[in-house]
Amino acid sequence: MELEKRHTLIKEWLAVIKDFIIKELNKERIIERKSHWNDLVTDVDILIENYLIKQIEIHFPGELILGEETADTRIAMNQINIEEERLWIIDPLDGTLNFITSQKDYAVLIAYYEKGIGQAGYIMDMNSYDVYHAFHNQGVYKNDQTFQLKNSDAQLYEGFVAFNSKVVYLERYEKIRQIGKKCLGVRGTGSAGLEAVNLLNQYTVAYLSSSLMPWDIGAATILLEEAGLKSSDFEGRDLKLTGSSSVIYAYPSSFNEIHHHLKNEKNEQ
Ligand code: 2AM
Ligand code: CA
Ligand code: CA
Ligand code: CA
């Protein structure tokens, strides 16, 4: 019942955000640089995040909010024990660089956790406006209809694998890159949320990314787990809700092949 109330509200918020983004398309953007020349934020990211924070504060006062653009650094730096709390994790625009360059391939991500357990995850794909959501132990839904995977499992040779940029250009990820030899081909969207959508639709069979933050993966982890996919960091550890982490999401057989490759095989040329 309680989750149903959250669900109704979140759907309303996403509908407002969708209309807002569409209205903002093709307007001149205010773009600010954050930590690095390619770490950018727009006025749209900030307006969406502020809107979500306001709504959460009205309807669920006192609950913690971890949003990319207003991140409570106490949470990001592990100074609050989020395992004890009701926690919202929001990424107002996932794929901001895509939004800036082409206005394609970005998503809105909302997740709700209780005592460290993902209760509800939402990804709004802004190419199709499809909303994927999952509740803990209740499967995955697309636009409120039950969503079934094409296949519950897939091996690497059967599909594409997605990487993020750093996996492509940093020397230390050579072994990860070699997974490219075992799959149909390598792809990448620039949006961690859309990578989860691509996995759900089996456009890809695995996604490997270095250095993702909780807001990049909070919703995706819930959805993919509910769909029966596997997740870990590059070392095989469970994903956590604080700090930066490498991430592997994959169909079960692909996940096993990846970890087997990372553990047992020497670098190949
Ligand atoms: P963002 O668009 O919300 O920043 C791209 O590989 C994915 O990694 C996106 O989901 C992007 O989310 C995230 N990401 C995290 N840190 C990033 C950074 N410094 N620059 C670009 N993308 C980053
Ligand atoms: Ca960002
Ligand atoms: Ca993000
Ligand atoms: Ca973002």
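**View 1. A nonpolar core of 69 residues, the largest in this predicted model**. Leu-109, Ile-123, Ala-206, Leu-223 and Tyr-249 touch the most other members of this core. Domain 1 (2-146) and domain 2 (156-264) both contribute residues, so the core lies between them. A nonpolar core here is a set of buried Ala, Val, Leu, Ile, Met, Phe, Trp, Tyr and Cys residues joined through C-beta atoms within 7 Å; buried means that 20 or more other C-beta atoms lie within 10 Å of a residue's own, with C-beta atoms placed from the backbone. Domain bounds come from an automatic or database domain assignment. Residues are numbered from 1 along each chain as its sequence is written. Local features need pLDDT of at least 70, and side-chain atom pairs count only at pLDDT 80 or more, while totals for chains, interfaces and linings use all residues.

**View 2. The open sheet of seven strands**. Its order is β3-β4-β5-β6-β7-β8-β9, with mixed pairing. β3 (64-67) and β9 (145-146) stand at the edges with a single partner strand each, so one side of each has no neighbour in the sheet. Strands are DSSP runs (E, at least two residues), and two of them pair if DSSP finds at least two bridges between them.

**View 3. Where β8 meets β9**. Strand β8 (residues 140-142) runs antiparallel to β9, and two bridges join them. Look for Lys-142, which stands opposite Gln-145 in β9.

**View 4. β10 and its parallel partners**. Three bridges link β10 (residues 160-163) to β11 (residues 185-187), where Gly-185 is the bridge partner of Phe-160. Four bridges join β10 to β12 (residues 204-212), and Ala-162 stands opposite Tyr-207 there.

Technical notes. Chains are lettered from A and ligands numbered from 1 in the order in which they are written. A residue is buried if 20 or more other C-beta atoms lie within 10 Å of its own, exposed if 12 or fewer, and partly exposed in between; C-beta atoms are placed from the backbone.
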